[in-house]
Amino acid sequence: MDTLKINYNKEDKSNIIDDKRGKDNNLDNYEDIFDVAIIGGGFAGLSAALLLGRYLRPIIIFDVFKPRSSYIHGYLGYEKSSRNDLIQKAWHDVIQYQSVKRVEDKVKRVEKDVENNLFLITSTKENNMQNQDNSEKRKARAKYLIIATGLQHIKPNIKNFEEYDGNGVWHCPHCDGFEATNKKLVIIASDNKDNKALDYAKVFLGWTKDITLFLQRSNYDNDNAHNNTSQLTDKQRIEARTLDIDIIENDDIVEIVGDPSIKSIKGVITRNNGFYQADVLFYHLKKIIQNEIACQLGCELDEGYLKVNKNQQTSIPNVYAAGDIDTDRHYAILAAASGALAAISIYEELLKDALNRTKIQSHI
Ligand SMILES: Cc1cc2nc3c(=O)[nH]c(=O)nc-3n(C[C@H](O)[C@H](O)[C@H](O)COP(=O)(O)OP(=O)(O)OC[C@H]3O[C@@H](n4cnc5c(N)ncnc54)[C@H](O)[C@@H]3O)c2cc1C
């Protein structure tokens, strides 16, 4: 079982790799070959790291730290916890395992070293403006990869949005739809391809019957306001009417009005100077699925999401994915579960490989 021996430096007490990059060497490389490199330190990546740390696997986890001041709902045992506190605690849990190395870098590139069956990972500090040369780059090698880079939600470019984001304004019905209970709800949706806007609005019917859906023509690009791709079909209009969902198709929300002192919204103002009362506002705009690394490696995608099998493995051998990047169900506890599953699957592969080698050696 030699191959499962841990190969991190036991003398090295710190497993947080700080920013002391070699001043003389332009390239700061790691000598060790890690069993697993995890890209992304959100719920999925950290959950994978926790298990792999407990399996004593030498792993490296990259994350660009962007605190988000929101609250998490629906995470068993942590209802209404601060997201930042939860993530901070998770890091604390993970780095108590000495075989885990943490790097505060953005991964820029991953290449396959086919000859040695390894991945070569290049990262830099995200805010580094001089990425053109090699001075701030690090390189690491790993046998397996977990891509857990998540996604970003496009936010509406409307006046006062930031003020009420997370306080009267949300995007995820499963996380925050409860806040709409018996309230006047206004929804901004931009994409009605495959019924997405109306389907999104229908999710809220369990909480409220007072729904107005704006098919915002262009939520973040005023110049394209007439580039309308979001119209409903006649069938959808009939369905909306039957369900009592009001549809606004030829006007856009431009401003939120409310009471900033109590962080509560009162309504929205439209481009045509209309005013619509609202207690809560939800938005459903485009998403940026952060799949660049997966694309570099040629992983198969499905509508931008990484295709994975039941073990979280992508279409590329030894590349796994977990969290929001591989599903349109964006939920923290699901992301954590898929991260754990990826870690278990990889451990089983490493073990199988080690046992096979042991068998081969015993026959020599
Ligand atoms: C405002 C908001 C509120 C939410 N509320 C809830 C809620 O109440 N309940 C709930 O269950 N879910 C909620 N969610 C959804 C939940 O946050 C996600 O489902 C979950 O975070 C997904 O975890 P993840 O690990 O896949 O991705 P993320 O948590 O997004 O983590 C991805 C990480 O990867 C890093 N990263 C990306 N690219 C790179 C790179 N190239 N190199 C290094 N690092 C990289 C990012 O910086 C990030 O830290 C909410 C989401 C948002 C945006």
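# A tour of the strands, helices and loops

Start by selecting β13: Ile 211, Leu 213 and Leu 215 on one side, and Thr 212 and Phe 214 on the other, are all buried, so both faces of this strand are covered. Buried here means under 20% relative accessible area, exposed means over 50%, and partly exposed is in between, using a 1.4 Å probe and protein chains only. Helices (H or I, at least four residues) and strands (E, at least two) are DSSP runs, numbered from the N terminus.

Before you click on, know that this is a predicted model, in which local features need pLDDT of at least 70 and side-chain atom pairs count only at pLDDT 80 or more, while totals for chains, interfaces and linings use all residues. Residues are numbered from 1 along each chain as its sequence is written, and side-chain values use heavy atoms, with hydrogens and water left out.

## Stop 1: β13 and its partners

Keep β13 (residues 211-215) on screen: 5 of its 5 residues are buried. Now add strand β12 (residues 185-189), which runs parallel to β13 and is joined to it by 5 bridges. Two strands count as paired if DSSP finds at least two bridges between them. Click on Ala 189 and you'll find Leu 215 of β13 opposite.

Next, show strand β14 (residues 245-248), which pairs with β13 in the parallel sense over 4 bridges. Pick out Phe 214, whose bridge partner in β14 is Ile 248.

## Stop 2: β8 and its partners

Jump to strand β8 (residues 118-124), which is mostly covered, with 6 of its 7 residues buried. Which way does β7 run against β8? Strand β7 (residues 106-113) is antiparallel to β8, and 7 bridges join the two. For one of these pairings, select Lys 112 and its bridge partner in β8, Phe 119. β7 and β8 form a hairpin with 4 residues between them. Take a look at Asn 117 in that turn, which has a positive phi of about 55°.

Then bring in strand β9 (residues 137-147), which runs antiparallel to β8 and is joined to it by 5 bridges. Leu 120 is a handy marker here, as its bridge partner in β9 is Arg 141.

## Stop 3: two helices side by side

Hide the strands and show α1 (43-54) together with helix α2 (residues 83-95). Their axes come within 9 Å and cross at roughly 25°. Axes are lines fitted to C-alpha atoms, for helices over the stretch in contact, and angles run from 0 to 180 degrees between N-to-C directions. α1 and α2 are therefore roughly parallel to each other: angles under 35 degrees count as roughly parallel, over 145 as roughly antiparallel, 65 to 115 as roughly perpendicular and the rest as oblique.

The crossing is left-handed, meaning that the near helix is turned anticlockwise from the far one by less than a right angle (clockwise would make it right-handed).

Turn on side chains to see who meets whom. From α1 come Phe 43, Leu 46, Ala 49 and Leu 50; among the residues they meet in α2 are Leu 86, Ile 87, Ala 90 and Trp 91. Contact means heavy atoms within 4.5 Å. By class, this contact has 9 nonpolar, no polar and 2 charged residues. Ala, Val, Leu, Ile, Met, Phe, Trp, Tyr, Cys and Pro count as nonpolar, Asp, Glu, Lys and Arg as charged, and the others, Gly among them, as polar.

## Stop 4: two loop residues

Select Leu 56, in the loop between α1 and β3 (59-62). Leu 56 has a positive phi of about 65° although it is not a glycine. Buried or exposed, or in between? Leu 56 is partly exposed, with a relative accessible area of 46%.

Asn 160 is next, in the loop between β10 (151-153) and α3 (161-164). Asn 160 isn't a glycine either, yet has a positive phi of about 75°. Its relative accessible area is 27%, making it partly exposed.

## Stop 5: an open sheet and Asp 279

Finally, show the open sheet whose 3 strands go in the order β15-β16-β17, with antiparallel pairing. Its edge strands are β15 (253-259) and β17 (275-277), each pairing on one side only. On average, neighbouring strands of this sheet are turned by 30° against each other, direction ignored. Zoom in on β15 and strand β16 (residues 264-270), joined by 6 bridges, then find Val 257 and its bridge partner in β16, Gly 267.

Your last click is Asp 279, in the loop between β17 and β18 (280-284). What does Asp 279 contact, leaving aside its neighbours within four places in sequence? The answer is Gly 168, Lys 183, Lys 184 and Ile 265. Asp 279 is partly exposed, with a relative accessible area of 35%.
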